[in-house]
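Work through the exercises below with the sequence and the model open. Try each task before reading its solution.

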Amino acid sequence: MNVKNNSTQFGLVSKLIHWLMAALIIALVAIALYMDTLPRGAEKSELFSLHKGLGVIALASIFLRIIWHRITKVPSPIGEGIKLKMAHAGHLALYLLMLAMPISGMIMSLAGGHAINFFDLFTIAGFAEKNEWLNGIASEVHYYAAQALYVTLAAHVGAALYHHFLLKDDTIKRMTSK
Ligand code: HEM
Ligand code: HEM
């Protein structure tokens with residue numbers, strides 16, 4: 001199996017980044033939705049810390065992914081015409097959301113005067129004085145980008161299944177085994 005991508009295949013590194021980040025982002029959404037239902041207390045704060053720590057990993061991973069995909073080009077999605085344009089637009093939207101989510105999350109926390117403790121390894125100090133305006137904007141961005149992520153991701157998974165089961169092409173295979 002190739003490490004790098006070529007014009008028709010994803011290599012090992014891109015596959016690993018894709019599936020690890022997919023798992024990470026689904027875990028982040030699941031943790032966030034659960035932590036929001038909890039009353040204030042130890043369990044809620046622990047899940048907040050976990051969500052923030054994993055979110056920082058997601059931010060580092062998306063930067064690595066972008067750098068890797070500058071080094072080895074992503075193969076063009078299978079399809080042509082409007083469908084190809086939709087696939088490109090969908091992937092671009094996913095990249096923008098993978099950046100917007102962790103960046104807005106970090107700004108929301110820090111501007112709210114809360115530190116980000118990364119798994120007890122290091123801490124990014126929050127603003128000494130809460131900035132209500134910035135905290136409010138970042139919180140709105142985090143919330144609405146999450147809604148956009150649900151829709152885009154549903155379309156993404158739907159499109160992958162459509163390619164696999166109806167068009168019967170290599171779209172899923174080249175991101176997994178092939
Ligand atoms: C768990 C369900 C998922 C499935 C079944 C899935 C499936 C796929 C497949 C088959 C491809 C290859 C498309 C092609 O050949 O052009 C792909 C690419 C891609 N996927 Fe997913 N995916 C999933 C989750 C995610 C998540 C959670 C994200 C990010 C939020 C994501 C972002 C991307 C991006 C950006 C690409 C374009 C290739 C790249 O730049 O890495 N996927 N996905
Ligand atoms: C890819 C990364 C991330 C994803 C997919 C994600 C997803 C979510 C989702 C779905 C919610 C619930 C919707 C909402 O209430 O806004 C949420 C809430 C939250 N996220 Fe994130 N998040 C990510 C990164 C981060 C980061 C890096 C931080 C901070 C360091 C963070 C801090 C928060 C906080 C504090 C909340 C609670 C907001 C509230 O209850 O008002 N998130 N996140």
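A residue is near a molecule or strand if one of its heavy atoms lies within 4 Å of it. This is a predicted model, where local features need pLDDT of at least 70, side-chain atom pairs count only at pLDDT 80 or more, and totals for chains, interfaces and linings use all residues. Residues are numbered from 1 along each chain as its sequence is written, chains are lettered from A and ligands numbered from 1 in the order in which they are written, and side-chain values use heavy atoms, with hydrogens and water left out.

**Exercise 1. The shell of ligand 1**

Task: Find which residues come nearest to ligand 1, and list polar contacts to its atoms.

Solution.
Step 1. The shell holds 21 residues, and His18, Arg65, Tyr95, His156 and Arg174 come nearest.
Step 2. Apply the polar-contact rule: a pair of N or O atoms within 3.5 Å; within protein, one must be able to donate a hydrogen and the other to accept it, and residues adjacent in sequence count only if both atoms are side-chain atoms.
Step 3. The side chain of His18 puts a polar atom 2.8 Å from a nitrogen atom of ligand 1. His156 has a side-chain N or O atom 2.8 Å from a nitrogen atom of the ligand. For Arg174, the partner is an oxygen atom of ligand 1, at 2.7 Å.
Step 4. Assign elements, taking helices (H or I, at least four residues) and strands (E, at least two) as DSSP runs numbered from the N terminus. H1, H2, H3 and H4 each give two or more residues to this shell. H1 supplies the largest share, five residues.
Step 5. Sort by class. Ala, Val, Leu, Ile, Met, Phe, Trp, Tyr, Cys and Pro count as nonpolar, Asp, Glu, Lys and Arg as charged, and the others, Gly among them, as polar. The shell of ligand 1 then has 14 nonpolar, five polar and two charged residues.

**Exercise 2. The shell of ligand 2**

Task: Repeat the analysis for ligand 2, then describe the setting of His51.

Solution.
Step 1. Ligand 2 is surrounded by 21 residues, with Ala32, Asp36, His51, His142 and Tyr150 the closest.
Step 2. An oxygen atom of ligand 2 lies 3.1 Å from a polar side-chain atom of Asp36. The side chain of His51 has an N or O atom 2.8 Å from a ligand nitrogen. The side chain of His142 likewise has an N or O atom 2.8 Å from a nitrogen atom of ligand 2.
Step 3. Two or more residues come from each of H1, helix H2 (42–71), helix H3 (81–111) and helix H4 (132–167).
Step 4. The class count is 14 nonpolar, five polar and two charged residues.
Step 5. His51 sits in helix H2. Use the accessibility classes: buried is under 20% relative accessible area, exposed over 50%, partly exposed in between (1.4 Å probe, protein chains only). His51 is buried because its relative accessible area is 14%.
Step 6. Contact means heavy atoms within 4.5 Å. Beyond neighbours within four places in sequence, His51 contacts Leu28, Ile31, Ala32, Met35 and His142.

**Exercise 3. Asn5**

Task: Is Asn5 buried or exposed? Which side chain does the side chain of Asn5 meet in a polar contact?

Solution.
Step 1. Asn5 belongs to the segment before helix H1 (12–35).
Step 2. Its relative accessibility is 9%, so Asn5 counts as buried.
Step 3. The side chains of Asn5 and Ser14 make a polar contact at 3.0 Å. A polar atom of the Asn5 side chain also lies 3.4 Å from the backbone oxygen of Lys73.
Step 4. Residues up to four places away are not counted; Asn5 then touches Phe10, Gly11, Ser14, His69, Thr72, Lys73, Val74 and Pro75.

**Exercise 4. The salt bridge**

Task: How many salt bridges does the structure hold?

Solution.
Step 1. Side chains of opposite charge can pair when their charged atoms come close. The criterion is a side-chain nitrogen of Lys or Arg within 4 Å of a carboxyl oxygen of Asp or Glu.
Step 2. The structure holds one. Lys173 pairs with Asp170, and the closest N and O atoms are 3.8 Å apart.
Step 3. Lys173 is partly exposed, at 37% relative accessible area. Asp170 counts as partly exposed at 25%.

**Exercise 5. The whole protein**

Task: What pattern does the protein follow along the sequence?

Solution.
Step 1. The protein has four helices and two strands. Their order is α-α-α-β-β-α.
Step 2. The C-alpha atoms fill a box of roughly 55 × 30 × 30 Å along the principal axes.
Step 3. Of the 178 residues, 33% count as buried.
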